[in-house]
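Ready for some practice at reading a structure? Grab a pencil and work through the exercises below, checking each solution as you go.

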Amino acid sequence: MQAKAHFALFVVILSSLCAQLQAASLIYRPEDTFRVTSEIRENSKPADQYTPDTHLYLFAADGKKQPYSYVNEMGELVGFDVEIITRVCALVGKQCKMIMLPFTECIFTYKDIDYAGRGLWSQWVDGCPSYAVTTDRRTEFDFTLPYLATTASFTVAPGNPSGFNPQLEDYSAFTLVRLTGAPTNGPCLNRLRKTYGKFIVAQNLPEAKALLLNGTADVLFSPRTHIDGLDTLSERVHCDEGGAGILLRKGSNLATWWNPAFQTFYFSGQYAQMCEQASRKYGATVQCLPTPEFASPELLAMMKSEPPTASPDHLWKFVVSGKIEPYSFLDSEGNLVGWTKDFIEEVCSRANKQCHLMLAQVSECTTRDEELLYPGRGLMEGWFDACTGYFETMDRDNSWDFTAPYLISNASFYVKPGNPTNFDPTQDDYSKFVLVHADTAITNDHCLNRLHKKFKKLLDVPTRVEAIEAVLNGTADAWFTKRKGETQLEELAPRFHCENVGTSIMTKKGSQLPQWWDEAFQEFYSTGDFNQFCLEKGLQYNFDFPCVPSPMKV
Ligand SMILES: *[C@@H]1O[C@H](CO)[C@@H](O)[C@H](O)[C@H]1NC(C)=O
Ligand SMILES: *[C@@H]1O[C@H](CO)[C@@H](O)[C@H](O)[C@H]1NC(C)=O
Ligand SMILES: *[C@@H]1O[C@H](CO)[C@@H](O)[C@H](O)[C@H]1NC(C)=O
């Protein structure tokens, strides 16, 4: 057994040595080579000096991106991405392979927000090549150094019938269209300081093309530089930070070895040589990075930067839906900001933990079947450690763990102005009345039972809109909710608690998080610093955060 293992290790080292020799024997054209000066770190070392790594690194390709990764007429997956991954991995003795996966396993867009796909979260693959590095995507992903240039442009119907001019600062007289999931989105226009009005999303290129040709849209904002049958204007802008690289799972260590290997490859001149040949070989222009002589100072600085170091500590990942202002929301430039982010950063820094707040759909935290709640896939599979902003209730205690609450809340009843049916929340018997609640709210039948209220009819409606309507049109007498400030109805004074105290962070059962979090939060709170933090954030966001009462007042 022991001997076999040693032999296997030897084979791994030997094969990586061979890969190294093979890489070194490529035709070397000194005229293409940038002189490696002492200021460029020298990363090459003999392959036997690398820590043996038996992991097979997998990268996703959807097979449709000629010349980067596509299935050729023989059925093979080929292209520049396949080649560069093979070469860069060989330089440092890593085993790497591209596999076929739909791109939505890497990234997908739902209601204007980009989320990381299941394939990356669940470690089906280690990376997804050829994605523009953008501010918005950094919330959800890590990246390697860019290895392709990207650009953004404006495409119009032949002859530019609406007279669109990309140099204008205000685009609001035009209808814009973009492609779903593309980095050429609203936050990018905001970063470019452009004003815009109507901006439609097309699901694919044919749809965008039809919208331009039939006059529904005036201009397509996209990363494409040529689209058959349309005119792409010559103006170029950038939505990316330095180009396109490999999209990685947040907290991935891949860039710690990939980046130095790629830097060596780039400065050796072999990158330029391979990239130039690839355009001929794969029959379409590869958007090569400029050679070091022609690179912008920003790109050169990036290429000379120290590689990220692998952290031995766990990266604690917290998720939010990103749509709850001022708690957690995407600002106009695509950054995830808000009270929750500031709060998590504060507690984590006090606990000396590495934390990151990112986006996930609510269903990855919790799903429901009628009134029963179940934990979501993302939390159970360990895609992330915690979901923020959940009330701890008896129903939820069955399946999740919670931290100590940090925000308080209460529930109340809203009636039609004037309370025409004389609903009295202080009575214990509500059975003569029809109640309504929004179906995901914790103000549900279980809560009424825990409050020892008798009731006969509790209507389930999808959202607050229908709940308000039901009270206004007389279908229901009262709406049971945690919402505040609903001005169309009258709020009755009595307050109720459906949760233990208030809002907490929710984790998988058995998670280590509540233990270190509660310890750090307890100290934050008991010193009065937390309430001071709440006051300051209240001024910053101009919002009265319902923080748990200060310990001084208790
Ligand atoms: C223009 O094309 C789009 C996409 O095919 C279609 O949805 C829309 O109805 C068309 N509008 C007109 C005015 O023809
Ligand atoms: C109920 O919540 C509101 C808003 O968060 C707060 O102003 C009020 O003091 C709370 N009332 C009780 C009785 O807890
Ligand atoms: C009242 O509003 C509710 C909720 O939208 C709806 O389901 C119901 O049909 C409405 N009833 C009447 C009588 O308009």
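A residue is near a molecule if one of its heavy atoms lies within 4 Å of it. Keep in mind that this is a predicted model.

**Exercise 1.** Find the residues that surround ligand 1, and work out which of them have side chains in polar contact with ligand 1.

*Solution.*
- Step 1: Look around the ligand. Ala-210, Leu-211, Asn-214 and Thr-216 surround ligand 1.
- Step 2: Sort them by class. You get two nonpolar and two polar residues, with no charged ones.
- Step 3: Check the distances, using a cut-off of 3.5 Å for a pair of N or O atoms. In the side chain of Asn-214, an N or O atom sits 2.3 Å from an oxygen atom of ligand 1. For the side chain of Thr-216, the partner is a nitrogen atom of ligand 1, at 3.4 Å.
- Step 4: See how much is covered. On its own, ligand 1 has 360 Å² of accessible area, and the protein covers 37% of it.

**Exercise 2.** Now try ligand 2: which residues are around it, and how much of its area does the protein bury?

*Solution.*
- Step 1: The neighbours of ligand 2 are Asn-410, Lys-484, Arg-495 and Pro-546.
- Step 2: Their classes come out as one nonpolar, one polar and two charged.
- Step 3: The side chain of Asn-410 has an N or O atom 2.5 Å from an oxygen atom of ligand 2.
- Step 4: The protein buries 45% of the 360 Å² that ligand 2 exposes when taken alone.

**Exercise 3.** Do the same for ligand 3, and list polar side-chain atoms that lie by its oxygen and nitrogen atoms.

*Solution.*
- Step 1: Around ligand 3 you'll find Glu-466, Glu-469, Ala-470, Asn-473 and Thr-475. That makes one nonpolar, two polar and two charged residues.
- Step 2: Take the oxygen atoms. A polar side-chain atom of Asn-473 is 2.4 Å from one, and Glu-469 has a polar side-chain atom 3.3 Å from one.
- Step 3: Take nitrogen. Thr-475 puts a polar side-chain atom 3.4 Å from a nitrogen atom of ligand 3.
- Step 4: Of the 360 Å² that ligand 3 exposes alone, the protein buries 44%.

**Exercise 4.** How are helices H7 and H9 oriented to each other: parallel, antiparallel, perpendicular or oblique?

*Solution.*
- Step 1: Get the geometry. The axes of H7 (residues 254-267) and H9 (residues 297-304) come within 9 Å and cross at roughly 125 degrees.
- Step 2: Name the orientation. H7 and H9 are therefore oblique to each other.
- Step 3: List the contacts. From H7, Phe-262, Gln-263, Tyr-266 and Phe-267 meet Leu-299, Leu-300, Met-302, Met-303 and Lys-304 of H9. By class, this contact has seven nonpolar, one polar and one charged residues.

Technical notes:
Residues are numbered from 1 along each chain as its sequence is written. Chains are lettered from A and ligands numbered from 1 in the order in which they are written. This is a predicted model: local features need pLDDT of at least 70, side-chain atom pairs count only at pLDDT 80 or more; totals for chains, interfaces and linings use all residues. Side-chain values use heavy atoms; hydrogens and water are left out. A polar contact is a pair of N or O atoms within 3.5 Å; within protein, one must be able to donate a hydrogen and the other to accept it, and residues adjacent in sequence count only if both atoms are side-chain atoms. Accessible areas come from the Shrake-Rupley method with a 1.4 Å probe; for residues, only the protein chains shown count as cover. Ala, Val, Leu, Ile, Met, Phe, Trp, Tyr, Cys and Pro count as nonpolar, Asp, Glu, Lys and Arg as charged, and the others, Gly among them, as polar. Axes are lines fitted to C-alpha atoms, for helices over the stretch in contact, and angles run from 0 to 180 degrees between N-to-C directions. Helices (H or I, at least four residues) and strands (E, at least two) are DSSP runs, numbered from the N terminus. Angles under 35 degrees count as roughly parallel, over 145 as roughly antiparallel, 65 to 115 as roughly perpendicular and the rest as oblique. Contact means heavy atoms within 4.5 Å.
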